Amino acid sequence: MHHSTLYAVTASLLLAVATTLAADTRLEETALALENDLISPCCWSQPVSIHQSPAAERMRVEIRGLLAQGMSRDQVLEAFVTRYGDRILSAPPARGFFALSYWLPVLVLGVGAAVVGVFYRTHRSPAQPPPQRATVDPVWARRLEEELRR
């Protein structure tokens, strides 16, 4: 075999290995993100990524299997939502009742700011007039001058 052929075969093998590693890395990153987006259905209390139960372990395996079959992140989420409903999502979608949980804090802050503004305008002290120069009765002024001269 010529050296150039050997180099070409080696380069092809390295490229294939690098491509496989990159695909595996992307699959694993997507799987980890999905584990954070899904709640373990055994007790509905923690994301699959940290929950220690047989149900969570089965979901981890299933997530990787679905991704390996070529499903996208959204397709995997949809598969779990179809099976369990929106409750399986760690962050519920902003629609229906769940939209209130996204907009309620903004609404409360807006109303609170308006109440504080109205309260401030109605309860602030009136502007103080500039101090006026005291006027002195001319009789007293003359008497003071006389006293000071003595």
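These legends accompany several views of a predicted model.

**View 1. The whole chain is built from helices and has no strands.**
Welcome to the overview. The chain has 5 helices and 0 strands, and reading along the sequence gives the pattern α-α-α-α-α. Of the 150 residues in the chain, 17% are buried. The accessible surface adds up to about 12,000 Å², and carbon and sulfur atoms account for 64% of that area. Among contacts with a separation of 6 or more, 42% are made by residues 24 or more positions apart.

**View 2. Arg 60 is a buried residue of helix 2.**
Here we look at Arg 60, which sits in helix 2 (residues 54-68). Its relative accessible area is 13%, so Arg 60 counts as buried. A polar atom of the Arg 60 side chain lies 2.6 Å from the backbone oxygen of His 51. Setting aside neighbours within four places in sequence, the contacts of Arg 60 are Glu 35, Val 48, Ser 49, Ile 50, His 51 and Gln 52. The side chain of Arg 60 also meets that of Glu 57 in a salt bridge, at 3.0 Å from N to O. Both residues of this pair belong to helix 2, 3 residues apart, or about one turn of the helix. Glu 57 is partly exposed, with a relative accessible area of 42%.

**View 3. Ser 53 lies in the loop between helix 1 and helix 2.**
This close-up moves to the loop that follows helix 1 (3-37) and leads to helix 2. With a relative accessible area of 14%, Ser 53 is buried. Its side chain makes a polar contact of 3.4 Å with the side chain of His 51. A polar atom of the Ser 53 side chain also lies 3.1 Å from the backbone nitrogen of Ala 56. Leaving out neighbours within four places in sequence, Ser 53 is in contact with Ser 40 and Cys 42.

**View 4. A salt bridge joins Glu 28 to Arg 64.**
The structure holds 7 salt bridges, and one of them is formed by the side chains of Glu 28 and Arg 64, at 2.7 Å from N to O. This pair links distant parts of the chain: Glu 28 is in helix 1 and Arg 64 is in helix 2, 36 residues apart. Glu 28 is partly exposed at a relative accessible area of 32%, and Arg 64 is partly exposed at 22%.

**View 5. A salt bridge joins Asp 37 to Arg 73.**
Which side chain meets that of Asp 37 in a salt bridge? The partner is Arg 73, with an N to O distance of 2.1 Å. Asp 37 in helix 1 and Arg 73 in helix 3 (residues 73-84) are 36 residues apart, and the pair links distant parts of the chain. Asp 37 is partly exposed, with a relative accessible area of 22%. Arg 73 also counts as partly exposed, at 34% relative accessibility.

**View 6. Five residues make a nonpolar patch on the surface.**
Our last stop is a surface patch. Leu 104, Leu 107, Val 108, Val 111 and Val 115 together make a nonpolar patch of about 450 Å². Is Val 115 buried or exposed? Val 115 counts as exposed because its relative accessibility is 53%, and the cut-off for exposed is over 50%. Val 115 has its place in helix 4 (residues 97-123).

Conventions. Residues numbered from 1 in each chain as written. Predicted model: local features only at pLDDT ≥ 70, side-chain atom pairs only at ≥ 80, totals over all residues. Heavy atoms only, no water. Patch = residues over 30% accessible without salt bridge, like charges linked within 9 Å, V, L, I, M, F, W, Y side chains within 5 Å. Areas by Shrake-Rupley, 256 points an atom, 1.4 Å probe, with all protein chains shown as cover. Salt bridge = Lys/Arg side-chain N within 4 Å of Asp/Glu carboxyl O. Helix = DSSP H or I, 4+ residues; strand = E, 2+ residues; numbered from the N terminus. Buried < 20%, exposed > 50% of the residue type's maximum accessible area, 1.4 Å probe, protein only. Contact = heavy atoms within 4.5 Å. Polar contact = N/O pair within 3.5 Å; in protein donor to acceptor, adjacent residues only side chain to side chain.
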